[in-house]
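Hi everyone, thanks for making room for me today. I'd like to walk you through one protein model, a piece at a time. Have a look at it on the screen first.

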Amino acid sequence: MEELYHGPYKIDISQVLDKLRVFSARRVLIQAPLGFRGIAAKLAVLLADRGFTPVLSNSACWGGCDIAYSEAEQVKADAILHLGHSPFMRRDKIPTVYVECRYADPSPLMNMLPKIREALKGVSVIGLGASVQWLDHITLLASYLEDNGISTRIAKPSMFAMHNAQVLGCDYSGLKQLEADVDAFIVLGSIFHALGIALISSKTTYAVDPITQTVKELGDYRRRILMQRYANIQKFAEASKVGVVVSTKPGQMRSGLAVLLAHVLRDNGKHATIIATDEIDDKLITEYPFEAYVNTACPRISVEDQARYAKPVLLPAECLAALRLLSWEDIINKGLLMLPWGWSGEASNIFWKILNASRSEREEVGIV
Ligand code: SF4
């Protein structure tokens, strides 16, 4: 087995080469998010030495939802080598090899185990999740906690996550299913990865980041973000012209939802226009003359980037709250904030019922 080590990451080169050969690939587009481009460049050299023609992608790349199929077609690549994420799409349009780039060395986590135990005083049962980079070490954390008197439950894959324990910024379904059985959650990786479950569950959430050696309880952060979200819902309610943003990224495109939302907005007295875009950024938000936006793409754009924008960029459920079709209390108490992302369960039916009720009324009068 041939392995490549780059910084903290470990890559199984034999597996990459085998998969590319199965696809009979010669020209390979290498796509990596920021932070992984050094590995991409190293892999390009390695592939060229083995007789492949690698092409490095310089486009933005945010997740497994964002596979560069169009770019691969344009450069006539036979396959894509995608770094840093696990498969997200049900089916790849172009053969794609996923290189997750997991952390090889558990010692940063081992060094902070007593600190984690100390932070969990009073917790008897904990639900565990991790970003894909830390998955190889989640059992180490679980065993330590079990040995120290805390029962652990590990998230199972259900929506977009494909591994045990894995969470994505838009998929906490595995942890959400454990909610009734645990006192709290730990997400191993980063505050970003932990914040998602904190926003859709009232259970205490701890972000454990072995790189910065921090254990952070996210209660205050959760409250701050939710206050900001609520203020933007109120601002949105006053807007008359709204842009409904739909992503052209293969795993983020929710055009059916965007059409439904535009109809619901119009039914409720707003002018609504759908905007298709690859990236949601300041240019889109400020250049278009809309007073507010609904974002049907990655939910984390609204959560993480809202502070940069002077106009509200609401999530679909928040838009329904601004129209007084869904209550803010239901969003918080039932964990509906990120729908249709985040998780899917019985509680999410209320969201679809509101959207579809409006559709049936339109169908009755022949407007769809
Ligand atoms: S939709 Fe957002 S959070 Fe989900 S995988 Fe894509 S970039 Fe990450």
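Let me begin with a definition: a disulfide here is a pair of cysteine sulfur atoms within 2.5 Å. In chemical terms, a disulfide is a covalent bond between the sulfur atoms of two cysteines. Please keep in mind that what you see is a predicted model.

So how many disulfides does that rule give? The count comes to zero. Take Cys 61 as an example: its closest cysteine sulfur belongs to Cys 65, and the separation is 7.9 Å, which is too far for a bond. Both residues are tucked away from the surface. Cys 61 is buried because its relative accessibility is 5%, and Cys 65 is buried too, at 9%.

Now let's step back to the whole chain. The protein chain contains 15 helices and 16 strands. Its C-alpha trace spans about 65 × 55 × 35 Å along the principal axes. Does 368 residues lead us to expect a radius of gyration near 21 Å, or what else? Let me put that more plainly: a compact globule with 368 residues would have a radius of gyration near 21 Å, and the 22 Å of this chain agrees with that. Of those 368 residues, 54% count as buried. The accessible surface comes to about 16200 Å², and carbon and sulfur atoms account for 52% of that area. Here is one more number for the whole chain: take the contacts between residues at least 6 apart in sequence, and 64% of them join residues at least 24 apart.

Next, the sheets. As a reminder, strands of a sheet pair through backbone hydrogen bonds, either parallel or antiparallel. We'll see both kinds.

Which order do the strands follow in the open sheet of four? The order is S14-S13-S15-S16, and the pairing is parallel. S14 and S16, the latter at residues 313-314, stand at the edges with a single partner strand each, so one side of each has no neighbour in the sheet.

Let's look inside that sheet. S13, residues 241-247, pairs with S14, residues 271-277, over seven parallel bridges. To find one of these on your screen, go to Val 246 and look for its bridge partner in S14, Ala 276. Between those two strands the chain passes through helix H10, residues 255-267, and this β-α-β crossover is right-handed. S13 also pairs with S15, residues 292-295, in the parallel sense over four bridges. Gly 243 has Tyr 293 as its bridge partner in S15.

While we are in this region, find Lys 270, which sits in the loop between H10 and S14. Is Lys 270 buried or exposed? With a relative accessible area of 10%, Lys 270 is buried. Leaving aside neighbours within four places in sequence, its contacts include Phe 236, Glu 238, Val 242, Leu 265 and Leu 323. Val 259 is eleven residues from Lys 270 in sequence, and their C-alpha atoms are 14 Å apart.

Another parallel pair lies earlier in the chain. S3, residues 27-31, and S4, residues 53-56, run parallel and are joined by four bridges. In this pair, Val 28 stands opposite Pro 54 of S4. Together with helix H2, residues 37-49, S3 and S4 make a β-α-β unit, and that unit is right-handed.

For the antiparallel kind, turn to an open sheet of three strands, in the order S1-S2-S7. Its edge strands are S1, residues 3-6, and S7, residues 102-103, each pairing on one side only. S2, residues 9-12, is joined to S7 by two antiparallel bridges, and the partner of Lys 10 in S7 is Arg 102.

My last stop is a pair of helices. Helix H8 covers residues 191-200, and eight of its ten residues are buried, so H8 is largely enclosed by the rest of the structure. Among those buried residues are His 193, Leu 195, Ile 197 and Leu 199. What do the buried residues of H8 pack against? Their neighbours are helices H7 (173-176), H9 (219-238) and H12 (299-305), along with strands S10 (184-188) and S11 (204-209).

That brings us to H12, where we find Asp 305. Asp 305 counts as buried because its relative accessibility is 18%, and the cut-off for buried is under 20%. Asp 282 is 23 residues from Asp 305 along the chain, yet their C-alpha atoms are separated by 9.6 Å.

That's my tour. Thanks for listening, and do rotate the model yourselves!

Terms used: Residues are numbered from 1 along each chain as its sequence is written. This is a predicted model: local features need pLDDT of at least 70, side-chain atom pairs count only at pLDDT 80 or more; totals for chains, interfaces and linings use all residues. Side-chain values use heavy atoms; hydrogens and water are left out. Two strands pair if DSSP finds at least two bridges between them. A crossover is right-handed if, with the strands pointing away from the viewer, the path from the first strand over the helix to the second runs clockwise. The radius of gyration is taken over C-alpha atoms; the globule rule is 2.2 Å times the number of residues to the power 0.38. Buried means under 20% relative accessible area, exposed over 50%, partly exposed in between (1.4 Å probe, protein chains only). Contact means heavy atoms within 4.5 Å. Accessible areas come from the Shrake-Rupley method with a 1.4 Å probe; for residues, only the protein chains shown count as cover.
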